[in-house]
Structure formats: C-alpha cells, structure tokens
Amino acid sequence: MTAVEMPVVTMPGSTDDPLEAMVAWLAIDPADPPLGVLATVGPDGTPHCRHLLVSGATTDGPTFHTDSRSQKALDLATDPRATLVVVSADRTRQLTVTGVAEPTDRDEHLASYHSRSEYLKLLAWTNDQATAELAPPGRRRVWAAAVERFGPSPAQPPETWLGMRLRPGSVTFWAAGRDEPSHRRRFVTDGQRWRAEELPG
C-alpha cells in the first residue's frame with residue numbers, strides 16, 4: 001500500500017474553517033480514492049486499526065464504505081467514535097479527523113459503489129466469512145461464480161454494502177517544512193464554534 005498523494009495546500013490559519021480545509025487537503029478523486037487508517041474501539045475496549053479507502057469528503061465529514069459484517073462495522077455499532085488518519089505520499093502532511101460515525105444516505109451510498117473499480121464491486125459481493133475460510137482454489141471458484149452471475153462489474157451493491165460518515169469533533173493538520181520544525185494545528189469544536197490549538201510537531 002502506498003501513502004496518499006494529497007494536494008498542495010497550506011496549513012489553515014487559526015481563524016480559518018477547518019472543515020473546508022479538511023476537504024481541500026483530502027481532495028477526493030472517486031476514480032482514485034485516498035488511502036487512510038481508521039481506528040475504532042472494539043466491544044471489549046481493544047483498539048482496532050486498518051487501512052481503507054476514503055470514499056468522499058464534504059464539510060459534514062469524510063466517508064468510507066465497508067461490509068456490514070466487518071469488524072469495523074461491529075465496532076462502530078457498539079461505539080461510534082473513531083479516528084481517521086491520511087498521510088501525504090511525500091510524508092510532509094498528515095490529516096487526522098476524530099469524531100462520531102453514522103450511516104450515509106442512500107444517494108451517497110449508491111454513488112460511492114458506482115464509482116468503485118470492477119474489482120472492488122466484485123469484492124463487495126464475495127467478501128464474506130465463508131469465502132475467507134476457503135483455500136485459494138475455493139476463493140477463485142467463488143470469484144468466478146460471481147463474475148458469471150453478475151458480470152465483471154455488478155450494477156448494484158449487495159445488501160451488506162455499508163457507507164459511514166465520520167462527523168468531525170476535532171481535525172488536526174500536521175505539516176513539515178524543509179527549513180523549519182514541523183507544525184501541528186488542531187481544531188476542536190464545542191458543537192457551535194471551532195477553537196484552534198497549537199501543538200508541538
């Protein structure tokens with residue numbers, strides 16, 4: 001996996017809108033969505049992290065998609081708090097969003113599926129526990145059966161296709177320069193206003 005090529009943008013000022021800056025830093029291309037790390041908390045309090053594709057981003061928060069039977073979905077059903085981290089390809093910028101995850105609406109849900117690659121659409125139809133437990137020949141047979149049933153690009157998502165939006169409670173921007181110490185600025189909201197905090201890089 002490679003880090004995300006984030007756009008050339010500047011650190012938002014302390015009085016800037018952090019949500020607009022977040023959207024600019026992510027600059028989602030549906031045809032090539034960025035890779036992030038999502039951290040959740042399991043039912044027993046154990047932290048879980050995994051890479052995933054960031055489907056989209058608006059000022060309401062970034063979105064991602066998964067299978068409703070996945071560990072991340074089970075975690076969020078118990079505790080919707082989560083953190084998403086995206087790092088630029090050159091490792092000079094990092095965006096961290098912490099908040100509460102909630103399901104996306106149907107239009108966004110379908111639009112994200114339709115923008116996925118043929119491989120990821122087929123994966124959505126075959127990525128279950130029974131398939132995971134098969135040896136490679138068995139998994140290939142399941143894949144071939146899905147292609148035969150749906151074609152190379154299934155038109156609709158399975159019922160288990162789940163979209164989630166992470167509504168930000170805090171957004172942290174980190175940037176490193178060649179001739180200065182790295183800089184971290186965190187924005188935290190009380191539900192009405194955002195407050196900027198300066199942190200060591």
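The legends below describe a predicted model, first as a whole and then in close-up views. Local features are given only where pLDDT is at least 70 and side-chain atom pairs only at pLDDT 80 or more, while totals for chains, interfaces and linings use all residues. Residues are numbered from 1 along each chain as its sequence is written, and side-chain values use heavy atoms, with hydrogens and water left out.

**Figure 1. Overall view of the protein, with six helices and eight strands.** Helices (H or I, at least four residues) and strands (E, at least two) are DSSP runs, numbered from the N terminus. Their order along the sequence is α-β-β-β-α-β-β-α-α-α-α-β-β-β. The C-alpha trace spans about 55 × 35 × 30 Å along its principal axes. The radius of gyration is 18 Å, which agrees with the value near 17 Å for a compact globule of 201 residues; it is taken over C-alpha atoms, and the globule rule is 2.2 Å times the number of residues to the power 0.38. Of the 201 residues, 39% count as buried. Here buried means under 20% relative accessible area, exposed means over 50%, and partly exposed lies in between (1.4 Å probe, protein chains only). Contact means heavy atoms within 4.5 Å. Among contacts with a separation of 6 or more, 62% come from residues 24 or more positions apart.

**Figure 2. Surface and charges of the protein.** About 11300 Å² is exposed, and carbon and sulfur atoms supply 52% of that area. Accessible areas come from the Shrake-Rupley method with a 1.4 Å probe, and for residues only the protein chains shown count as cover. There are 21 positive and 26 negative side chains, and the centres of the two sets lie 4 Å apart. Lys and Arg count as positive and Asp and Glu as negative, without His or the chain ends; each charge is placed at NZ of Lys, CZ of Arg, CG of Asp or CD of Glu.

**Figure 3. Helix α4 and the buried residue Thr126.** Helix α4 covers residues 118-126 and includes Thr126. Its buried residues include Lys121, Leu122, Ala124 and Thr126. The cover over the buried residues of α4 includes β3 (61-67), α3 (106-115), α5 (129-132), α6 (136-150) and β6 (161-175). Thr126 has a relative accessible area of 7%, so this residue is buried. Apart from neighbours within four places in sequence, Thr126 is in contact with Thr131, Val142, Trp143 and Ala146. The side chain of Thr126 also reaches the backbone oxygen of Leu122 at 3.1 Å. This is a polar contact, a pair of N or O atoms within 3.5 Å; within protein, one must be able to donate a hydrogen and the other to accept it, and residues adjacent in sequence count only if both atoms are side-chain atoms.

**Figure 4. Lys72 in helix α2.** The helix runs over residues 71-78. Lys72 counts as buried because its relative accessibility is 13%. Setting aside neighbours within four places in sequence, Lys72 is in contact with Leu38, Arg50, Leu52, Phe64 and Thr66. The side chains of Lys72 and Thr66 are joined by a polar contact of 3.0 Å. Pro154 is 82 residues from Lys72 in sequence, and their C-alpha atoms are 24 Å apart.

**Figure 5. Arg91 in the loop between β4 and β5.** Strand β4 covers 81-87 and strand β5 covers 93-103. Most residues other than glycine have a negative phi. Arg91 is not a glycine, yet has a positive phi of about 65 degrees. Its relative accessible area is 69%, so Arg91 is exposed.

**Figure 6. Ser170 in strand β6.** Ser170 counts as buried at 13% relative accessibility. Beyond neighbours within four places in sequence, Ser170 is in contact with Thr96, Val97, Thr98, Phe187, Val188 and Trp194. Thr104 is 66 residues away along the chain, and the C-alpha atoms of Ser170 and Thr104 are separated by 20 Å.

**Figure 7. Glu20 in helix α1.** Helix α1 covers residues 18-26. Glu20 counts as exposed at 53% relative accessibility. Glu20 and Thr189 are 169 residues apart in sequence, with 14 Å between their C-alpha atoms.
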